[in-house]
Amino acid sequence: MAADSAVTSDQIQVTGTLAPGYGEILSEPALAFVADLHRRFEGRRRELIAARAELQTRLDAGETLDFPPETADVRAGNWKIAPVPADLQDRRVEITGPVDRKMVINAFNCGAKMFMACFEDASSPTWANLIDGQINMRDAVAGTIALDDPKSGKHYEIGADPAVLIVRPRGWHLLEKHLLVDGAPVAGALFDFALFFFHNAKALLDKGSGPYFYLPKLEHYLEARLWNDVFVHAQAVLGIPEGSIKTTVLIETLPSCFHAEEIIYELRDHMAGLNCGRWDYIFSYIKKNRTNPDAVLPDRAAVTMTVPFMRAYCLHVIKVCHRRGAHAMGGMAAQIPIKGDEAANEEAFAKVRADKEREATDGHDGTWVAHPGLVPVAMEVFDRVMPEANQVARQLGDISVSAGELLKACDGPKTLAGLKMNVNVGIGYLAAWLRGQGAVPLHNLMEDAATAEICRSQLWQWRHTATKLDGGETVDSDLIEQAFENELGSLKQQLGEQGFAAGKYAEAAELMKEMVLADKLAEFLTIPAYDKYFVD
């Protein structure tokens, strides 16, 4: 243990470095709150993670996903969620991003209705990023957050009409190994949730808002039930009225789409809506169908929101949300403004505009953007197509999505260029992640962990199924290794030896290639990367 680390007690140990201000976030009462949640719910979390692995074993053996028969009465029932607070009624444009101080201030001020502050896929989970992020959340809620940038000389502070704050903690599968309770690491999900809730719930309610959350990576309605039980207990412990927490769940795994209505039901007293997390959904589709040669997807760029299985997914989410009185949020357009190239910039904006028009016309109640420059584009579309605060009252009674429609792979090109792009983005993103950056602009797209996971899992599946590319090449280990070697050579030439080494590209390529060529597809790239590089 480092000399500047702390042992809070025999039962609660902080092993991360305690920088100035960290003690205010990691106070004894706050850590006791985290520990209480850990002791109450960790056993169930472990059981649910084990159930994911058991499902994957059955899928690998040929089982197919379907809507759960044991909850048919839930799907047939006549029930609605609890009322949604006033400041969550109009969510037409939400911006997402990491919890870096300057980015947080800019996100609040960008004109979006909501800001989803992300402790998950848009943040690299270094200890400093996580605790600095909690400090930034506390200061933002208090209205005191400000920054004087020494490089630019600019002063940043939140303006008069900021976006509503929603926080995304990590998923159930991740651990926070810098906090040990009774000798065991706590769940990253509980760590992120508990610290934010402990320090900010009452202040948010006093301001007329509330503790609002986005929940990622759920795969089963029992995982939603666990979150609901966490919410009920947390509110009781801190004397917060039950139902004050409101949550939006990302339907970003293939199994969760089959459980979407049940997830709403389990969280009905705390539910605000569901979100179509498209990039993680594609990753999950590949991962769950990893060994199925009939479920091999084309190049990532060809898997658009208009291909049949992705369109079925979105329409299903809209239908079940509106039936139950919940918001159905659209997904992320990854494009970002392109400086210095007006034609390319307009092409990117046109893609965003078309994507948002599809979402608003289909019935989504709002959408995501990754860059402040795209807020006006998305806002104009939703203002025009959806003049009311939302369109939850719009029912899609004529839509009926089958399991087969959700599972059938789309056609499209499978190319060597697509394989090379997977290698390029996989290395480029992971290298930035290892440097502490979780949202990374690459090729005029904003990439996060989900898009890197698509690259990794698709390379693995193409190799495992010996996919034949359109140019005649068969994807095997040799073809992939050559692509990695060529990419590293190109990076060294572009960056020079010093820039290449400082950028952690060799480490990123080594880990990415090892996982792509492994006999078994690992569940998540970020777990071994965190263990190898972020834990002392």
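**Close-up views of a predicted model**

**View 1. A small enclosed space sits inside this predicted model.** The largest cavity holds about 30 Å³ of space. Searching the whole structure turns up one cavity of 30 Å³ or more. Which residues line the largest cavity? Look for Lys 217, Glu 219, Glu 252, Thr 253, Asp 280, Phe 283, Ser 284, Lys 287 and Phe 524. Sorted by class, this lining has five charged, two polar and two nonpolar residues.

**View 2. The largest nonpolar core has 145 residues.** As background, nonpolar side chains tend to be buried together in soluble globular proteins. To find your way around this core, start with the residues that have the most contacts inside it: Phe 193, Phe 197, Trp 227, Leu 274 and Tyr 313. Now zoom in on Trp 227. Which residues does Trp 227 touch, leaving aside its neighbours within four places in sequence? Its contacts are Pro 169, Trp 172, Ala 189, Phe 193, Leu 215, Leu 218 and Leu 267.

**View 3. Another core, of 36 residues, lies apart from the largest one.** Among its members you can pick out Leu 434, Ala 452, Leu 469 and Val 475.

**View 4. Two loop residues other than glycine have a positive phi: Ala 466 and Lys 504.** Ala 466 belongs to the loop that links helix 16 (449-464) and helix 17 (477-502), and its phi is near 50 degrees. Move on to the loop between helix 17 and helix 18 (505-516), and you will meet Lys 504, with phi near 65 degrees. How accessible is Ala 466? With a relative accessible area of 42%, Ala 466 is partly exposed. Lys 504 also counts as partly exposed, at 31% relative accessibility.

**View 5. The count of disulfides in this model is zero.** Two cysteines help to show why. A disulfide needs two cysteine sulfur atoms within 2.5 Å. For Cys 314, the closest cysteine sulfur is in Cys 276, at 3.9 Å, so the pair is too far apart for a bond. For Cys 455, the closest cysteine sulfur is in Cys 410, at 16 Å, which is also too far for a bond. Are these two cysteines buried or exposed? Cys 314 is buried, at 2% relative accessibility, and Cys 455 is buried as well, with a relative accessible area of 1%.

Methods
Residues numbered from 1 in each chain as written. Predicted model: local features only at pLDDT ≥ 70, side-chain atom pairs only at ≥ 80, totals over all residues. Heavy atoms only, no water. Core = buried A, V, L, I, M, F, W, Y, C linked by side-chain atoms within 4.5 Å. Buried < 20%, exposed > 50% of the residue type's maximum accessible area, 1.4 Å probe, protein only. Contact = heavy atoms within 4.5 Å. Helix = DSSP H or I, 4+ residues; strand = E, 2+ residues; numbered from the N terminus. 1 Å grid on protein atoms, 1.4 Å probe; cavity = no way out; pocket = protein on both sides within 12 Å on 5 of 7 lines; lining within 4 Å. Points joined across faces, edges and corners; volume = space filled by probe spheres on them. Nonpolar A, V, L, I, M, F, W, Y, C, P; charged D, E, K, R; others polar.
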